[in-house]
Structures are given as C-alpha cells and as structure tokens.
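Biologist: I am new to this structure and would like to go through it slowly, one question at a time. Could you show it to me before we begin?

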Number of protein chains: 2
Amino acid sequence: MTRTLSITIAALVLVSHFAIAQSPPRPRILVSAPELAEIRAHGSSTPLFREALEEAKRVAEAAVSTPIEVPRPVDAGGYTHERHKQNYRELQAAGLLFQVTGDERYARFVREMFLQYAGLYPSLKLHPKALNAKGGRLFWQPLNETVWMVHAAQAYDCVYDWLQPSDRKAIEEGVLRPMVRFFLNEQRSTVDRMHNHGTWMSAALGMMGYAVNDRVLSDIALYGTKRDGTGGFLRQLNELFSPDGYYAEGPYYARYAIMPFIFFAQAIEYNQPELKIFEYRKQILRKAVWATVQLTNPNGTFLPINDAMKEMSLHAREMILAVDVCVARYPSDHGLLWFARRQNRVTFDGAGLIAARILADAPKEISNGYRSMELRDGPDGTEGGVGVLRSIGTQGHTMLAMKYTAQGDGHGHYDRLSFLLSNQEREIIQDYGAARFVNVEPKFGGRYLPETDTWAKQTIAHNTVVVDGRSHYGGVFEVASKKHAERHFFSTNDPNVQVMSAKAEGLYDGVSMQRTMALVNDPRLAHPVVLDLFRIESGKPHQYDLPFYYLGHVMHTNATVQAFDTVRTRLGASHGFQHLWKEAEGTVAGSFILTWLNDHRYYSVVSAADEPTTALFARIGAGDPQFNLRNEPALILRRNAASTLFASAIEEHGYFEGVTEVSYGTRGSIQEVRVLVSTRDFSVVEYTGPNRFRLVFAVTHQPASETAKHSVTAGGKTYAWVGNFKLWRE
Amino acid sequence: MTRTLSITIAALVLVSHFAIAQSPPRPRILVSAPELAEIRAHGSSTPLFREALEEAKRVAEAAVSTPIEVPRPVDAGGYTHERHKQNYRELQAAGLLFQVTGDERYARFVREMFLQYAGLYPSLKLHPKALNAKGGRLFWQPLNETVWMVHAAQAYDCVYDWLQPSDRKAIEEGVLRPMVRFFLNEQRSTVDRMHNHGTWMSAALGMMGYAVNDRVLSDIALYGTKRDGTGGFLRQLNELFSPDGYYAEGPYYARYAIMPFIFFAQAIEYNQPELKIFEYRKQILRKAVWATVQLTNPNGTFLPINDAMKEMSLHAREMILAVDVCVARYPSDHGLLWFARRQNRVTFDGAGLIAARILADAPKEISNGYRSMELRDGPDGTEGGVGVLRSIGTQGHTMLAMKYTAQGDGHGHYDRLSFLLSNQEREIIQDYGAARFVNVEPKFGGRYLPETDTWAKQTIAHNTVVVDGRSHYGGVFEVASKKHAERHFFSTNDPNVQVMSAKAEGLYDGVSMQRTMALVNDPRLAHPVVLDLFRIESGKPHQYDLPFYYLGHVMHTNATVQAFDTVRTRLGASHGFQHLWKEAEGTVAGSFILTWLNDHRYYSVVSAADEPTTALFARIGAGDPQFNLRNEPALILRRNAASTLFASAIEEHGYFEGVTEVSYGTRGSIQEVRVLVSTRDFSVVEYTGPNRFRLVFAVTHQPASETAKHSVTAGGKTYAWVGNFKLWRE
C-alpha cells in the first residue's frame with residue numbers, strides 16, 4: 001500500500017466516526033428509501049425491470065407457500081448445502097418484496113425463517129464436512145456463511161421496522177450476533193485478508209453493522225480488525241485490484257468477488273455517503289467491473305485464467321448486479337451499456353430499475369462494447385498484466401489473450417506467457433481452467449479435484465513453454481508468489497496490426513523468455529491471422545515444450561507421423577506430464593503444419609521447424625483413475641536448444657457446413673514460416689504461401705523507444721524499422 | 001416385387017405410350033406454367049417465399065456478374081468439384097428466375113454456361129480421381145453427374161423456348177446427349193439399380209427426356225432399360241421404400257434420395273399427369289417424406305442409422321423441397337406443417353409458394369409434429385423396422401429409437417437391436433454414424449474413410465450385444481443382406497408406458513436375441529426413464545458385450561474400478577475392437593451404476609449384475625494413425641453366460657447449471673435393478689430406489705396375443721398380466 005492511500009484511509013476513519021449518529025431511514029442496505037419509492041412508482045411499468053420483479057415474486061411466492069426448511073447441516077454440495085443457499089436467496093427476495101408491495105406475508109416469512117435460524121444456530125458446532133478446524137458452521141466453509149450474512153443483512157434491514165422488538169432480540173441474539181462473534185473470534189484473520197474470502201467477510205460484517213446499527217462493526221469491515229486501515233474493505237479495494245481494475249485472482253474470481261464489493265459499496269453509499277465510495281481510488285469499482293466484462297470470450301464466458309469454471313459468464317447474477325450498478329452510478333460511461341443489453345436482464349434493486357430505464361431509452365443498436373486492451377496487474381500496476389486483442393467484423397469476433405500476470409494467490413496457475421484464442425463464439429485454443437465440477441456432490445463434494453493441483457495448475461496444461469519438463473517457478477507457490485512477468489509493449493494503434501509482447505525472467509534459472517503475439521488483418525485473408533514469436537534465451541541447452549491445446553478434429557498434418565495407436569504411454573511422470581497420453585510423434589523439415597476443423601471453420605498452426613523440432617500429439621486423461629479430466633487434445637512442439645525462437649502462425653481459414661455438405665479452404669494461405677534472423681536484440685520472421693503470399697514480421701527483444709531505428713539484413717534483403725515492431729506485406 | 005405391383009407397372013406403361021404426343025407448354029420440369037403464373041403474381045408478396053426468391057436472386061446475380069467458369073475436372077472434393085456443383089445450382093436459379101422475371105440476362109447466362117459445357121464435355125474421358133473404370137467424367141463419381149443433369153434439365157427447360165434452334169443443337173449435341181449416352185452406355189446398370197444412385201439416374205434421364213422431348217428416354221427412366229418395369233423409377237418407388245415409407249438405406253440416405261424422387265415426381269405430374277404419381281402405391285411419396293422427417297432427433301438431425309453424417313438435418317435443401325411439395329400436394333395432411341414451420345424456409349418453386357401461403361395462414365401455434373411410431377422395413381413391410389418412442393412435455397423431448405431392420409444395402413451397418421437416446425436437443429447415447437468428413441478434401445478426398453468399414457460398420461460400434469467379439473452375421477455383407485431382424489410388438493396405446501420389442505435370429509449360430517425397450521413416464525420422476533431388457537438364448541456359453549455409447553463426463557460409478565491409466569491397450573484385434581482403448585474395468589455386486597453429466601442434466605445406466613458382470617470403460621480412437629475417429633467414450637457390460645438377460649434402466653435426473661453453479665439430483669431414483677425371473681417365455685425385472693420407489697416390468701419372449709394371460713411367482717409374489725407386457729408401479 002502506498003503512503004498516499006494510508007493517508008486517505010486515515011482521513012476516512014475520521015469522517016466515518018464523525019457521521020456515526022446520522023443513520024438514514026430504512027431500507028438502507030439493499031436499496032435506499034428514495035430508490036424504493038421509484039420502484040414502487042415505476043417498477044411494474046419498466047420492461048426489463050418488470051421481469052426481475054416477476055422473477056423475485058415467483059421465488060418468494062414459492063417460498064411463502066411451502067413450509068420453511070432450516071435443516072441441520074450435513075453435506076458440502078448436497079441437499080442441506082443447497083437448501084441454505086436457497087434460503088438466503090428467498091430471504092433477500094421476500095424482504096425486498098415486502099418493502100415494494102407492503103404484503104405482510106413476505107415479512108412474516110422473513111421473520112419466521114430468521115427465528116428458525118435463531119433456533120438452530122446456537123447448537124451448531126464445526127460443520128461435519130469441514131476440511132479442518134477453521135471450517136464453517138452452517139456451511140462447510142466459512143465463505144458460504146459470509147454470503148449468507150450478506151443476504152441476511154439485506155433482508156433483515158427490509159423488515160427491521162416491521163418487527164416487534166422481541167423478534168429483533170430473538171433474531172439478533174439467536175443467529176446474527178452469534179454468527180458475527182463466530183466470524184470475529186474464529187475467522188478474525190479473514191477480515192484483514194486480501195482475498196475474495198476477505199471481501200465477503202468485510203461485506204457481511206459491514207452490511208450487518210449497518211443493519212443492526214453497530215458502527216464499530218461496520219468500521220471493522222471498512223478498516224480491518226484494528227480499525228486503522230491495515231485490513232478490511234478499503235485496503236481490499238486498494239490491493240485486490242490493479243489501477244486498471246484487474247482483479248488479482250483472475251476474471252472468474254473477479255466475478256465472484258465483485259458481488260460483495262458492489263453490495264457493500266451500495267450499503268456504504270446509503271449509510272456513509274460522505275465516503276464517496278464510488279469515487280474511491282479514481283473510480284476503482286467502475287474500472288473493476290469494466291475489466292471483468294472485458295476479460296470474457298466473445299461468447300461471454302470468462303477467460304479461464306487460473307482456477308475457473310468455463311461455463312461461468314456475463315450472465316451470472318453477480319455480473320448483472322455489477323453492470324447495472326455501474327450503469328446507474330456512472331451514467332456518463334456508456335461502454336457498459338452494450339453489455340447490459342446483452343445480459344438482457346436487470347437486477348432487482350434500485351440500480352436495476354435505473355439500468356432498465358436507460359436501456360429502454362437507448363438506441364436499438366449499441367456499438368459492440370468489447371475493446372482490445374491491456375490490463376496491468378498488481379496494486380500499483382507494475383506486476384505484468386493480461387493483454388487482449390480483438391478483431392470484430394462481419395466475419396465474426398476473434399479474440400487473442402495473453403497472460404503475463406503475477407501468481408494470483410492460491411487459485412493461481414503456474415503459467416506465464418500463455419495464450420487463449422476464441423472465435424465463432426467458441427474456444428479454438430483453450431486454457432483448461434480448473435479440474436472441478438462445482439457443487440456436484442459426487443465429484444469430491446463439488447470442491448476442487450486433486451487434478452487441479454496435479455494437472456490444471458501445472459505449466460504444461462497451458463499454451464506456453466515448459467523447460468526440461470518442469471513447471472514455471474518449479475510449481476512452488478512460495479517462489480511464484482514473489483514473481484511476475486513483465487509487459488514489453490502493447491500496441492493497438494493500427495487496428496489491422498495489433499501486437500502485444502511480454503517477458504518473463506526467473507521462471508527457470510538461466511532462462512529468459514519473451515512472447516510476442518500479433519493479431520493481423522490482411523485484405524487477402526478472409527479472417528485474422530495470429531503471428532506468434534516465442535523467444536527463449538539461455539546459455540545452456542534445454543528441452544523446450546510449447547503446447548497448443550487446440551479444440552476440434554485433426555484434418556491434416558504435413559509431418560511424418562509415428563502413431564502410438566496400439567499401446568499408449570504417458571508423456572512423463574510429474575509436473576502434469578503424467579496426465580498426458582502420447583498419441584503420436586511427428587517430424588518434418590521446413591515448416592510444420594497441423595490443420596483441424598472446429599464447427600464451421602478450419603484452423604492451422606504453421607511453425608518454423610528449420611531447427612529440429614518434434615511434434616507430439618497428446619491427449620489429456622492419463623493418470624486419472626476417477627475420470628476427473630476432460631480428454632482433449634494437444635499439439636506440443638518440442639525442441640532441444642539453448643537460445644531459440646518458436647515462430648508460428650495460427651490461421652483461421654475456409655468453411656465447412658454439414659447441412660449443405662459444403663467445404664472449401666481446407667488449406668490456409670500461410671504454408672511456410674521461416675526465421676530470417678533471431679538474436680538477443682530482435683527476431684525477423686517470414687510467412688509465405690501460395691499466390692506469392694508473404695508477410696514479414698520483426699520485433700525487438702530489448703526495450704526500445706517508439707522512435708528507435710533498427711535494421712537487419714537477412715537473405716540479401718535489408719529490413720529496417722522504427723519502434724518495437726513492424727509488419728511488411730507482399 | 002409382388003405380382004400386384006408388376007401388373008400396376010405394366011398398366012402404366014400402356015398409359016404412358018398412349019400419352020406421348022401431348023406435351024404441355026413449358027416450363028414443365030421444375031415448375032408448371034400455371035405455377036409460374038402464381039409465382040409471378042404473388043411471389044414477392046408472400047413472406048417466406050419472398051426470401052427464397054431473394055436468395056435465388058442473390059445466387060443468380062452473383063453468377064451473372066462474374067465470368068463463367070467451366071473448369072476441366074481435377075479433384076474429388078476440391079475446387080473444380082465444388083465449381084461444377086455451384087454451376088448446376090446457378091443454372092437452376094438463373095433458369096427459373098428468367099421465367100419468373102423475364103430478365104434476359106439470366107437466359108443468356110444459362111445459354112452461355114451450357115455452351116461452355118458443350119465445348120468441354122466431348123473432350124472428357126474418365127475423371128482423374130475416379131476410383132475405377134466406372135467413374136464419372138465431369139465428376140469423380142457418376143452420381144454427381146446425374147445430379148448435374150437433374151438441374152440441367154430444369155434449367156434447359158426454362159430457356160428452351162427462348163433459345164435459337166442452333167443453340168439448342170449445340171447444347172444438346174455437345175453435352176446433354178453425350179452425357180445421356182455416357183449414362184446409357186457406360187452406366188446402364190445403374191438405371192435398373194434399386195439404390196439412390198439408381199434414382200438419381202432415373203430422375204436425370206427422365207427429366208432430360210421431358211426437357212428434350214424424348215419419351216423413349218423418359219420411359220427408360222420410368223420403367224427401366226427394358227422399359228418393362230424391371231427397373232427404373234417406379235420399381236424404385238416399390239422397392240426402396242417400405243409400405244410405411246421407410247427408405248432401405250436409412251434416413252440419411254433417404255434425405256439424399258428424396259430429392260430425385262420429388263423432382264422427378266413433379267416433372268412426371270406436369271408431363272404425364274395421367275400416371276397420378278403422387279397417388280402411386282397409396283401415396284408412397286407422402287409416406288416416404290413423413291417417415292424421413294420422423295426419423296430425426298429432437299434437434300432435427302437425422303438418426304445416424306447406417307452410414308450417416310450426423311450434422312445433416314431437416315434443414316437440408318432436399319428436406320425443404322420434400323416437405324413443401326408434400327404440404328402442397330397433400331393439403332389435407334396437416335402433420336407436416338409443423339416441420340415446414342420449423343424449417344422456416346421454403347423452396348423456390350411452385351410448391352414453395354403454396355407452402356408459404358399455407359404457413360402464413362396457419363395458426364401461430366401448430367402442435368408438435370413428432371410422433372411415436374414404428375416404421376416397418378422391406379418392400380412389403382416384413383423385414384423388421386425401426387421403432388421410435390417419444391415423450392414430449394414441458395421438461396423437453398426425449399426420443400428413444402431402436403433399429404431392427406434389414407441390412408440396408410452397401411451403406412448398412414452390422415447392428416441389429418441397437419438403440420439411440422436423445423434429449424435436451426442432443427445425443428445422450430449415440431450411434432457413431434460413419435467415419436467420414438464429407439467433401440473435406442484432406443480427409444481422403446471427402447470420401448468414406450477406411451474406418452467406416454473397420455469401425456463404424458462393425459457391431460461393437462453400436463449399442464447392441466456383440467457375441468464372442470465378432471460382428472453380427474460375421475460382418476459379412478452377403479450373409480447380412482439376406483437377413484433381417486423381426487418386430488415382436490410395438491405399443492404406444494398408453495403414452496406413459498410406450499414399449500417396443502424386437503427379435504433377431506441368426507446373428508450368430510445358435511444364439512437368438514430379443515430386446516424390449518420401454519419409455520416410461522412416472523409421476524414421481526421429473527423425466528422419462530428407459531427400461532431395457534436384452535434377452536439372449538443360447539445352448540452354449542458365450543462372451544456377451546453390451547455397449548452404451550454415452551456422451552458426457554463420468555460423475556460416479558458404484559463399481560470397484562481398476563484404471564489402466566499409465567499404459568493403455570486395445571480391447572481386441574478385429575471386428576472393431578481394435579479401435580477401442582481399454583480405459584478401466586469395474587466389478588460390482590448387485591447393481592452396476594454409471595452416472596454422467598451432459599449439459600444441464602445427469603444420466604445413469606443402472607444394470608442388474610447379479611450374474612457376474614464386468615463393466616469395461618472404453619474410448620474410441622485406438623488403431624487410428626490418421627486421426628480419423630472421434631475419441632468418445634463407451635461403457636461396455638461384459639458377461640460370460642449361455643442364456644441371460646441384460647436388464648437396465650437409463651434414467652435422466654437432476655440439473656446442473658454452470659452460470660448459477662446450481663446442481664441437484666446427481667443420484668437417480670433407480671438405484672437397483674433385479675431380474676426376478678427370466679426364461680424362454682418371459683422376463684420380470686424389478687427397479688427400486690430410495691423412498692420405496694419401485695417399478696416391476698414384465699415382458700413375453702414368445703409371440704402372445706393381446707388377450708393372452710401370463711402369471712409367474714418370484715420372491716413370494718405372483719405377477720399376473722395380460723398381453724405382451726405389463727408395468728407395476730409402487
């Protein structure tokens with residue numbers, strides 16, 4: 001934390017204490033009283049909001065018309081787990097509906113359910129499925145219990161004034177206060193933790209503090225257990241996001257963490273508007289939401305950087321909340337509106353109503369909200385980042401992302417300079433994500449599977465270079481946590497030649513790496529092409545493996561292939577290699593080509609193989625006795641060298657359609673890749689194909705200003721350029 | 001062919017000759033003059049038809065505005081192949097558009113292209129990519145050449161009156177007549193062949209006969225080369241379809257063959273209406289189209305029985321033509337209208353206009369057109385068939401199909417009593433289809449891959465019992481062609497207990513088989529459940545393998561599993577087993593359970609294992625050096641026994657949703673399956689699960705009347721029923 005931020009927090013502490021006595025009228029946690037008046041007046045007549053209202057009514061009506069169930073906790077992803085999750089959703093919906101409609105059935109339901117929790121909670125000890133003594137009571141992990149409290153605070157606030165004092169006493173003393181004490185006594189370190197669990201904890205305590213009129217509690221939530229800014233929500237806002245809004249754990253967890261950030265921020269705005277929380281750290285909340293929506297595939301699913309479930313998308317409830325609150329709070333920022341329209345749902349609260357009205361008034365066509373952008377990592381933006389290049393046109397949306405971040409905490413994976421490629425609204429070259437079936441009880445209770453550690457986190461599970469069969473940083477968390485990759489340059493000035501380049505030192509002793517990836521549009525090509533230059537510097541020879549986790553069916557390779565198709569063995573014994581079957585091995589002189597089909601399009605990796613290169617055809621799924629892994633393919637380019645350059649093109653081409661049985665363009669325009677020169681200072685690579693198609697791409701390896709001049713002669717030709725890179729077309 | 005049908009054909013021959021001189025005005029091949037008048041008057045103002053018209057204009061405008069290309073044939077799935085296909089589509093579109101619009105640019109285009117073909121064709125010898133001396137000239141196989149002629153006849157007819165006699169002479173003598181002579185001299189046997197190639201040939205010759213005023217030619221097409229009914233179109237109508245309209249090769253080829261049947265039938269109706277072709281054989285054309293649309297999955301893709309490409313669907317051009325013509329020709333048959341609406345496209349001809357007008361006038365909601373039905377196979381309906389059971393409700397559409405047909409000619413697979421299961425608009429237990437990437441040049445020129453024979457056609461590639469590791473009928477075409485399975489019974493009287501049962505003798509010496517499959521709705525279950533009773537009779541012990549080609553990810557098995565996850569070998573050496581990896585082997589006492597996840601739902605196979613049963617976990621893809629196969633999983637239940645019963649339930653249950661991270665119902669309601677009794681005469685099976693869930697199902701193995709009474713005592717209880725089957729619920 002910088003000194004400036006400490007001072008800001010100290011100032012906020014003073015302001016906060018000063019404001020203690022001025023609690024606004026209820027409701028003041030999930031919605032404010034003025035917002036409620038708007039919802040009552042206009043909610044039913046505003047198109048998208050009416051649907052949210054009706055949906056909440058369906059949930060609440062189903063709830064009030066069936067017996068309340070508050071079961072003794074038994075499982076970690078089964079019935080009682082899901083029941084308690086359903087309960088907090090019903091509490092929230094019924095609470096707000098009582099405020100909106102005045103229908104006392106909803107209030108009675110909230111009271112009754114709270115009273116049942118008050119009856120149950122004091123008798124609970126450690127959850128039977130807890131992983132260790134730090135487990136939860138109502139849920140197997142305390143995390144879920146904080147989520148319960150966030151919703152409980154929202155619901156309790158909505159019925160507070162309606163409740164008899166005796167009910168309040170019973171509820172607060174039976175469950176709310178005991179749970180707060182459980183958190184503060186047994187989970188105390190979580191409040192000060194810079195992690196999504198910490199933010200859920202801050203939000204739970206802070207919102208409950210506002211709900212039960214306990215400003216000490218909300219101050220602990222804001223400033224940490226010492227109430228001095230060394231922990232709590234504001235420090236989490238400082239440290240968990242980079243200045244660009246990148247969330248340290250990656251976009252899947254950003255999605256999860258954004259809900260308590262947004263919920264608590266709203267409650268802070270209602271109860272302590274003087275904190276100007278939505279302006280805090282140059283609108284870091286807006287930047288966080290913007291970064292999170294941008295870190296999605298063209299189909300809206302989150303980029304599976306680090307531990308991630310690949311189905312999770314912009315349509316998640318958390319993202320609908322986050323986008324709507326930002327649309328409402330930052331009305332001059334129009335970038336998010338396209339995403340709000342794409343979600344086609346709004347959240348059931350004051351922000352949802354505002355967003356619905358803005359959408360109703362917006363033009364029918366809003367220009368695509370996705371941008372090429374770089375998001376720096378680290379609290380001060382100096383710990384590498386993620387680069388995202390997009391080409392959006394009539395032929396579709398191609399997205400190329402490269403990861404060169406810091407480790408990203410306990411859910412981080414050991415991969416730097418890895419990439420993902422999507423188009424046709426699907427993954428083309430994938431990142432595996434995590435090995436987990438979330439909430440699926442027969443799969444290890446829905447928790448992370450052991451293969452997350454043994455496979456998904458290992459470097460070989462990603463599209464980046466593995467040296468000597470070992471993961472980056474040796475796969476050691478303590479080492480990796482102290483390191484990060486470095487951005488080299490990121491350029492999107494020319495929309496037809498977008499380039500990003502990043503470096504990583506210290507992944508391995510004595511080996512440094514730089515990857516440069518360009519997304520190029522060329523008038524001769526129907527689709528964008530990716531140029532990939534992976535430069536490795538080392539004084540000693542090593543084995544380098546560069547995987548491409550392509551998705552689709554192999555159509556063609558020009559390599560001479562030996563298939564291991566009667567007896568199959570594994571690629572290795574550790575660092576994830578034990579989970580890869582060796583299907584075949586190919587060699588080629590000149591350029592290696594692999595073409596595959598995915599849905600309606602062909603794809604080719606074409607890679608320079610002037611230096612002896614072996615192509616390994618692999619498949620995920622070895623060493624997997626519980627069938628936990630997806631059995632998907634990989635191409636691994638293997639080379640033994642000291643310093644070297646892996647130079648490849650990834651081209652999308654042609655068309656296949658099964659209903660019309662039409663196929664064309666099975667061969668790409670690039671058939672050969674040649675390294676013209678590659679030194680410590682720069683690399684120049686040539687891409688050629690039929691009809692005299694030729695591209696030459698040059699990139700610097702040393703820091704260069706945009707005006708620095710470079711020149712190199714190769715094959716009798718001189719290539720001269722200014723700045724970090726140049727593309728020649730012929 | 002039966003005697004009755006021969007007489008019908010002889011009578012038609014007489015009528016035909018009598019009618020020779022009365023050719024109607026042009027156009028008279030693709031549309032009639034009265035239909036053309038309707039199109040001119042109402043085409044642009046009829047919603048769906050306008051789109052078809054605009055689409056034809058786009059094709060034709062692109063064609064007339066670029067230079068005509070009639071390249072010398074080179075490839076079998078590459079540029080020249082696709083160019084000649086595109087040419088005949090352009091000829092057809094331009095020809096009809098000339099008639100509709102009167103715009104002479106279209107006519108000139110058709111003339112010019114025909115003249116270029118007239119210049120090229122005489123010089124063509126055997127196609128360079130022909131597989132043998134019987135190959136085509138313009139295309140690698142004569143089949144494509146007949147398709148060219150079908151479209152050429154339609155286009156030529158449209159410009160015939162506009163052409164100068166000298167043009168006609170040049171075109172007819174340069175390409176049309178030489179191609180006819182090539183067909184009649186070098187491909188003569190095809191005209192008389194009972195096969196889709198034969199029908200394309202008949203249609204080509206017959207339509208060209210009408211187009212060039214050659215009734216001898218159209219008679220050859222109708223009645224065969226001897227013009228006596230021993231070959232040609234009418235005999236194809238008699239023999240290629242069963243009385244229920246089932247097409248001998250299966251639904252994928254029915255889709256392909258239906259186009260020449262429909263095109264030629266329309267031309268016959270215009271030129272020889274006295275043949276009443278649409279009434280022929282009790283409206284066999286209507287039945288054929290009905291059967292073909294019914295043999296599709298809930299998502300509209302064709303059931304991949306025999307050689308089939310699995311992407312092919314109701315949206316194929318051929319099916320749009322066929323459905324529209326039947327909607328137009330059989331206006332009192334409303335069953336097809338739902339399919340026409342689902343296609344949401346109409347064909348660009350007179351029938352398309354009629355269909356579009358009927359659709360525009362139809363109610364907004366048309367009831368679902370899919371039916372449970374049995375389609376008998378064989379010209380007289382005595383050669384087994386296909387049974388399709390459907391349960392369509394608010395929870396979706398579950399389809400269970402069983403194949404008990406004859407061999408189905410050269411594209412037939414060696415499987416009897418196999419099944420397929422679909423819901424959620426996707427395959428749940430699949431049939432592999434064929435190993436082919438149609439028209440994809442790098443995959444063996446787009447032709448059938450060798451693995452179609454070595455894998456896809458073999459019995460083990462299907463969900464049916466394999467005995468002693470050998471395919472049905474030994475996998476010998478000559479043996480299989482003479483045999484067929486037999487229907488036992490098919491009952492859909494009770495929509496909640498739909499049952500089909502079929503038998504197969506002679507698949508193996510001394511082994512007879514019967515499979516009974518029920519699709520049951522139960523008020524206690526959210527989804528239908530499949531009961532599967534596979535009874536095998538044999539005097540000697542054998543090894544029985546029953547595969548389930550489930551699609552999805554394994555969630556759970558109750559078996560003790562030994563995984564072969566460090567070294568993997570194949571399941572066998574021949575009859576398709578050489579293409580299966582042995583992933584694991586499991587044993588269990590009592591009932592075996594395998595649960596998997598597919599998209600939003602869990603599925604379980606639960607199978608009685610009181611008799612020692614091994615569960616083999618397998619994966620397709622061994623013995624596949626060219627990466628031609630899809631690497632998909634299978635469960636194979638293996639048992640060594642003489643007579644035995646494989647009794648299973650296949651249950652859909654629960655819910656998974658990745659965006660909300662909600663999961664429930666991972667365990668099914670059926671957890672145990674017990675064979676209470678199984679003899680030569682009948683089997684009684686019990687299905688039980690938590691909360692005292694119990695079903696008992698009884699089926700007869702000997703032919704029984706619907707009023708025959710049966711009784712058996714098992715476990716101290718007496719089960720008595722009337723007819724072929726009974727279900728008890730508790």
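Modeller: This is a predicted model, and we can start with a pair of strands in chain A, where strand β25 (residues 693-700) is joined to β28 by bridges and the two run antiparallel.

Biologist: How many bridges join β25(A) to β28(A), and which residue is the bridge partner of A698(A)?

Modeller: The two strands run antiparallel, and the bridges that join β25(A) to β28(A) number 5. Looking across from A698(A) into β28(A), the bridge partner one finds is K726(A).

Biologist: Which strands stand at the edges of the open sheet of 4 strands in chain A?

Modeller: This open sheet has antiparallel pairing and the order β23-β24-β25-β28 in chain A. Its neighbouring strands are turned by 15 degrees against each other on average, with direction ignored. An edge strand here is one that pairs on one side only, and the strands that do so in chain A are β23 (672-678) and β28 (725-729).

Biologist: In the open sheet of 5 strands in chain A, why is one side of β1(A) and of β5(A) left without a neighbour?

Modeller: The strands of this sheet follow the order β1-β2-β3-β4-β5 in chain A, with antiparallel pairing. One side of β1 (373-376) and one side of β5 (426-429) in chain A are without a neighbour in the sheet because these two stand at the edges, each with a single partner strand.

Biologist: By how many degrees are neighbouring strands of this sheet of 5 strands turned against each other on average?

Modeller: The order in this sheet of chain A is β1-β2-β3-β4-β5. With direction ignored, the average turn between neighbouring strands is 20 degrees.

Biologist: Which residues are the bridge partners of L375(A) and L421(A)?

Modeller: At one edge, β1(A) pairs with strand β2 (residues 385-393) of chain A in the antiparallel sense over 4 bridges, and in β2(A) the partner of L375(A) is V386(A). At the other, strand β4 (residues 418-423) of chain A pairs with β5(A), also antiparallel, over 3 bridges. There, in β5(A), the bridge partner of L421(A) is I429(A).

Biologist: Which residue takes a positive phi in the hairpin of β4(A) and β5(A)?

Modeller: This hairpin has 2 residues between its strands. The residue that takes a positive phi, near 50 degrees, is Q424(A).

Biologist: How many residues does the hairpin that joins β7(A) to β8(A) run through?

Modeller: Strand β7 (residues 486-491) and strand β8 (residues 497-508) of chain A pair in the antiparallel sense over 5 bridges, and S491(A) has V499(A) as its bridge partner in β8(A). The hairpin that joins β7(A) to β8(A) passes through 5 residues.

Biologist: What distance separates the centres of the two domains of chain A?

Modeller: Chain A is divided into domain 1 (3-361) and domain 2 (373-729). The contact between them takes 31 residues from domain 1 and 39 residues from domain 2 of chain A, and on the side of domain 1 the elements that give two or more residues are α11 (232-239) and α13 (280-294) of chain A. Taken over C-alpha atoms, the centres of the two domains are separated by 39 Å.

Biologist: What relation do chain A and chain B have to each other?

Modeller: Two copies of a chain are related by a rotation about an axis and a shift along it. Chain B can be laid on chain A with an RMSD of 0.1 Å by a turn of 180 degrees and a shift of 0.0 Å along the axis. That is the relation of a two-fold axis.

Biologist: Which element gives the largest share of the side of chain B that touches chain A?

Modeller: The contact involves 45 residues of chain B and 45 residues of chain A. The elements of chain B that give two or more residues to this side are β12 (553-557), β13 (560-563), β14 (567-569) and β22 (662-664). The largest share, 4 residues, comes from β12(B).

Biologist: Which residue of β14(B) stands opposite T569(A)?

Modeller: Strand β14 (residues 567-569) of chain A is joined to β14(B) by 3 bridges, and the two run antiparallel. Opposite T569(A), in β14(B), stands V567(B).

Note on methods: Residues numbered from 1 in each chain as written. Chains lettered and ligands numbered in written order. Predicted model: local features only at pLDDT ≥ 70, side-chain atom pairs only at ≥ 80, totals over all residues. Pairing = 2+ DSSP bridges. Axes fitted to C-alpha atoms, helices over the stretch in contact; angles between N-to-C directions. Least-squares fit on C-alpha atoms with pLDDT ≥ 70 in both. Contact = placed C-beta atoms within 7 Å. Domains from an automatic or database assignment.
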